[in-house]
Amino acid sequence: MAIQMQGKRLTKALILSALLFAGHAKAQVHETSKKYEAPTDPAVQTKLTHWQDLKFGLFMHWGTYSQWGVVESWSICPEDEGWTQRKGPYSATYNGYKQAYENLQKSFNPVRFNPEKWVAAAKNAGMKYVVFTTKHHDGFAMFDTKQSDYKITDSKSPFATNPRANVTKEIFNAFRKENFMIGAYFSKPDWHSPDYWWPYFPPKDRNVNYDPAKYPERWNKFKDFTYNQIQELMTGYGSVDILWLDGGWVRPKATIDTAIDWQRGIKFNQDIDMPKIAAMARKHQPGLIVVDRTVPGQYENYTTPEQQVPNKPEGFPWESCITMGNSWSYVPGDHYKSTHDIVQLLVKIVSRGGNLLMNIGPGPDGDWDPEAYKRLAGIGAWMKINGEGIYNSQAIAPYSENNVFYTQAKNKSAVYAYVLGDKEDVKLPATLEFKISDPKKVKKVSLLGSSQKIQWQQQGGAVKVTVPSSLRDGSGLKQAATFKLAYN
């Protein structure tokens with residue numbers, strides 16, 4: 001997927017260390033955030049504000065790579081990194097592997113594809129928007145593009161005869177019917193296109209394999225190809241709210257930040273004319289949020305820290321994109337984060353004013369791992385009790401203290417104090433202190449999910465809560481308990 005973590009298969013320990021507000025994780029995220037440029041179009045501003053209120057979205061990486069259960073696209077990238085390693089019977093030679101990889105088009109047949117099943121599970125979990133990979137770096141289109149035959153709807157693909165073969169359209173339509181915001185992930189680089197990786201030269205790394213300045217006609221053909229594919233998505237797939245562009249090495253050379261390791265490898269100017277693309281896209285989709293990730297400026301309407309949680313509010317719109325398992329794409333037997341860990345991730349992200357985009361990789365049969373459905377059901381049970389402090393909320397100082405994380409209702413009517421449990425069942429202490437900025441405004445304290453009256457008092461610049469013994473011994477609350485400090 002990825003710019004920052006680049007499709008790595010992270011171990012659970014590494015994921016946890018990356019997510020617990022690790023200071024070393026800040027560098028790549030914040031290098032671009034310093035240059036954030038707020039959109040000036042009122043329609044974009046309105047949609048962006050609405051998106052910020054939703055807090056919780058579904059991400060899906062899905063393509064022919066799911067059939068082998070390998071990393072999305074990166075195994076055909078000739079870079080010697082851990083996540084790009086080739087495996088299996090075709091791995092001995094690069095060309096042999098790439099040919100076999102591209103032949104997956106001829107056998108990819110996800111006959112269990114049923115987007116309504118995904119919608120039901122995501123809606124029950126409290127998710128409010130979806131971002132789907134219409135095309136990843138390998139160039140295989142999960143939509144009916146007219147620019148290439150490397151697509152799921154081509155006659156070489158067995159699924160092409162299925163009435164739901166245009167899976168992007170089917171997914172967008174199904175989620176839109178349930179009022180989800182719709183996001184189209186699109187990879188700017190295309191490793192299948194002869195105008196990006198020109199067959200005259202071998203590919204050297206993730207970047208274009210020729211100098212666009214030396215061969216402008218070929219680069220212009222690639223620019224047109226990219227423009228036309230995005231135009232297809234903006235005109236033939238209903239209303240789209242977010243254009244989520246990945247592959248940040250395709251960028252104007254002037255925007256390269258040499259302080260960031262992966263950007264130092266960009267040798268050529270790979271400008272695809274984002275002003276022209278964005279103008280076209282917004283002509284067809286007024287108010288469209290454009291996320292040209294890691295490229296600071298007017299087309300990065302929100303930033304996207306990957307597998308990371310910033311340790312403080314950013315001061316602008318942002319979204320942590322994080323895998324539910326260890327991998328972005330489907331891997332047999334992947335380890336899925338517990339409901340406990342996911343709920344607490346969501347609380348931590350929202351307390352900093354961000355959104356969580358949680359990724360699930362569909363399998364080659366067209367369905368999710370049963371474990372993904374179990375996690376979503378668990379999250380949904382928690383959200384039904386505690387969601388009022390998640391949606392339409394804002395960050396409020398002190399943001400967190402020890403295992404307590406705060407949010408504030410957007411209308412400033414209440415503060416929510418989330419007490420994170422060490423284990424699945426939350427064990428509450430006899431007393432709690434909530435050191436919020438304006439304790440004198442508090443008129444009532446309640447515990448979401450409980451009808452018991454909560455005793456409290458203002459004391460030393462804090463709200464001190466006395467927890468009834470019955471709630472300490474067995475509240476029945478899971479993952480995190482929420483105290484509502486109402487101002488009226």
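Buried here means under 20% relative accessible area. The model shown in these views is predicted.

**View 1. Trp74 and Trp83 form an edge-to-face pair.** Both residues meet the burial cut-off: Trp74 is buried, and so is Trp83. By the ring-pair rule, the count comes to 39 aromatic pairs. In the pair of Trp74 and Trp83, the ring centres are 6.3 Å apart and the planes stand at 80°, so the arrangement is edge-to-face. The cut-off for that class is over 60 degrees.

**View 2. Seven aromatic residues make one cluster.** The members are Trp62, Phe108, Phe113, Trp118, Phe159, Trp368 and Tyr373. Trp118 and Tyr373 also appear in the next view, in the contact of helix H6 with helix H11.

**View 3. Helix H6 crosses helix H11 at roughly 35°.** Two packed helices are described by the angle between their axes and the distance between the axes. H6 spans residues 115-124 and H11 spans residues 370-386. Their axes come within 7 Å. H6 contributes Lys117, Trp118, Ala121, Ala122 and Asn124. H11 contributes Tyr373, Leu376, Ala377, Gly380 and Lys384. By class, six of the contact residues are nonpolar, two are polar and two are charged.

**View 4. Helix H7 packs through its buried residues.** H7 covers residues 167-177. Its buried residues are Val167, Thr168, Glu170, Ile171, Phe172, Ala174 and Phe175. They pack against three strands, S1 (56-60), S2 (129-135) and S3 (181-187), and against helices H6 and H8. Asn179 follows H7 and has a positive phi, near 70°.

**View 5. Thr226 is buried in helix H8.** H8 spans residues 216-235 and holds Thr226. The relative accessibility of Thr226 is 1%, so this residue counts as buried. Leaving out residues up to four places away in sequence, Thr226 touches Phe186, Lys188, Ile272 and Ile277. Phe140 is 86 residues from Thr226 in sequence. In space the two are 13 Å apart, C-alpha to C-alpha.

**View 6. Strand S10 is largely enclosed by the rest of the structure.** S10 covers residues 404-409. Six of its six residues are buried, which is why the strand counts as largely enclosed. In a regular strand the side chains alternate between the two faces of the sheet. In S10 both faces are covered. Val404, Tyr406 and Gln408 are buried on one side, and Phe405, Thr407 and Ala409 on the other.

**View 7. S10 pairs antiparallel with strands S8, S9 and S11.** S8 (residues 393-394) joins S10 over two bridges. Here Gln394 has Gln408 as its bridge partner. S9 (residues 400-401) is also joined to S10 by two bridges. Glu401 is bridged to Val404. S9 and S10 form a hairpin with two residues between them. Asn402, in that turn, has a positive phi of about 55°. S11 (residues 414-425) pairs with S10 over five bridges. Phe405 stands opposite Tyr418 in S11. S10 and S11 form a hairpin with four residues between them. Lys412, in the turn, has a positive phi of about 65°.

**View 8. Two lysines lie over tyrosine rings.** Lys128 lies over the face of Tyr391, at 4.9 Å from the ring centre. The charged end of Lys441 sits over the ring of Tyr487, 5.9 Å from its centre.

Definitions and conventions
Residues numbered from 1 in each chain as written. Heavy atoms only, no water. Axes fitted to C-alpha atoms, helices over the stretch in contact; angles between N-to-C directions. Contact = heavy atoms within 4.5 Å. Nonpolar A, V, L, I, M, F, W, Y, C, P; charged D, E, K, R; others polar. Buried < 20%, exposed > 50% of the residue type's maximum accessible area, 1.4 Å probe, protein only. Pairing = 2+ DSSP bridges. Phe/Tyr/Trp six-rings, centres within 6.5 Å; stacked < 30°, edge-to-face > 60°. Lys NZ or Arg CZ within 6 Å of the ring centre and 35° of its normal.
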